[in-house]
Amino acid sequence: EAMHPAPRPAGGPARPLGGKNRDEATQRPATTSAAPSPAAAPSPAAAPASFASPTSLAAIEDEALGRLAGVAARAPLSLLPTLEYELLRAAAKHKHAAEWALCRLRLSRGEAEPAMAHLLRFLRDASADDPNRPAALSTREHLAGARARAQREVVLRRAVALGGASVLTLSLLLFFFRGTSLSRGLSRRPALFPEVARTIGELRHDVLKHRTSVLGLLAAGSASREEVRRVLCEPERASEVIIAAYERLRLSARAKGVVLRRLRNEPAFGPLVRDLRRAEALVQREGGGPKIARIDARLREVHAERLLALLRQSPRTRLSAGVISSWIGDVEAEVRVRGGAWTTPALLFQGQGLYLAFPVEQGALLTLFSNLLRNAQAAVAREGGGSVIVRVGEERDATGRRQLLLLIGDSARAELTLEAIERRESGRGLQLVRDVVHEWRGHLVLRREDAPYTKGVGACFPA
């Protein structure tokens, strides 16, 4: 059956299928889900004008950071912490104003070194007419001065620390090595020699000669170890005897104004004590014969020679006829000032040369001579006058050893004996003469003299 289209209503337009007119269909967008064809895609040239390219965005950002840096360079310090991130980005893009702003920020935090780095980069890149340059230059001078002061303080602190360490080291050295050696002490204070000579004489006789000599017997197998131990260690160890003697020397030297070193640092006594202690330890046990023999050799050769070297440092006073005449004049002036009578003495100088070297310190020898001469002058003055003679010379003792003589004779008839002089208490006159003679290892002399003299009083010393 043939189908015919429905008739169109009279007076109305024709309607398409679905009840929509053609105008609505053309005005409404298509709702089909089909993908548009490539020909229908919009071209780049048809993009909206409100969107910029990446190059344009970078330029905009660069300009914005430059403006921000310029504002921050003059902004109050309180605002800078909030802009620090942007300022760092601006500085990375070589915006010199950002360097100045960051410098101000670092200074407000007390960070001088980072601030100086920002400041130097700003001064390097900024133009000569930059408005921030004067303030930057002033800040640079301030930071440079502060840096110089800080460096000086560091140097000063190091110097103080180094000086303190040096002082501490020096103090320790002075503590351990303070004082002088015995040899140098004798050179500085000859008056110390009598005590040194007496001490060394006792040690050489009691320790080196009698006590340590048994070490050689033990090394040779001629003595038992027990006997050697008893001799060396009883009733007191030989090393302790040396230590006590040296401490007495230190006290005596201090009384004369000389500070001696501690025993362990003394060149002569320190090694001697150390060897004695080794020997004392070795004899306590079996064996050790070669070591004992070596110590014995050092005691007899090295240490004995060191002690003798100290004795050879005895001070020497050269007496000549001229020196004696000068001393006589000094005593005469003293006697006359006190109103005493004076008898001009004869002088007899007998020597192989022009002078004689007495082993006595000059001050002590002058004291000895002056007291002998004053005593002789007083003796003849009590008898209304007389004669006085001064004898200086050398002679031999009963064993043939050479000795030096200083003697003053007078014509006074009053009797005098050595026993009477020895019994007198110390003080002045002949008592003082006796003490000086004993101190300097001499001995008193009292002799009968030929007329017109009756006796002579004086002293002899080993040459």
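Buried, as I use the word today, means under 20% relative accessible area. With that in place, let me turn to this predicted model and begin with helix α15.

Helix α15 covers residues 362–382, 21 residues in total, and its first and last C-alpha atoms are 30 Å apart, close to the 30 Å expected at 1.5 Å a residue. Its buried residues include Leu-365, Leu-368, Phe-369, Leu-372, Leu-373 and Val-380, together with polar side chains, among them Asn-371 and Gln-377. At the N-terminal end, Glu-361 acts as the cap, with a side-chain oxygen 3.1 Å from the backbone nitrogen of Gly-363. Just after the helix, Gly-384 adopts a positive phi of about 85°.

I move now to α17, residues 430–439, where Leu-430, Gln-431, Val-433, Arg-434, Val-436 and Val-437 are buried. What do these buried residues pack against? Their partners are α15, α16, β6 and β7. After α17 comes Arg-441, with a positive phi near 60°.

Within α17, Arg-434 also forms a salt bridge with Asp-435, the closest N and O atoms lying 3.2 Å apart. Arg-434 counts as buried because its relative accessibility is 6%, whereas Asp-435, at 26%, is partly exposed.

Across the whole structure, the search finds 31 salt bridges. One of them joins Glu-286 to Arg-225 at 3.7 Å. This pair links distant parts of the chain, 61 residues apart: Glu-286 sits in the loop between α12 and α13, and Arg-225 in helix α10. Glu-286 is exposed at 68%, while Arg-225 is buried at 18%.

Finally, Glu-84, Arg-106, Arg-109 and Glu-111 are linked in a salt-bridge network.

Terms used. Residues are numbered from 1 along each chain as its sequence is written. This is a predicted model: local features need pLDDT of at least 70, side-chain atom pairs count only at pLDDT 80 or more; totals for chains, interfaces and linings use all residues. Side-chain values use heavy atoms; hydrogens and water are left out. Helices (H or I, at least four residues) and strands (E, at least two) are DSSP runs, numbered from the N terminus. The expected span of a helix is 1.5 Å times one less than its number of residues. Buried means under 20% relative accessible area, exposed over 50%, partly exposed in between (1.4 Å probe, protein chains only). A polar contact is a pair of N or O atoms within 3.5 Å; within protein, one must be able to donate a hydrogen and the other to accept it, and residues adjacent in sequence count only if both atoms are side-chain atoms. Contact means heavy atoms within 4.5 Å. A salt bridge is a side-chain nitrogen of Lys or Arg within 4 Å of a carboxyl oxygen of Asp or Glu.
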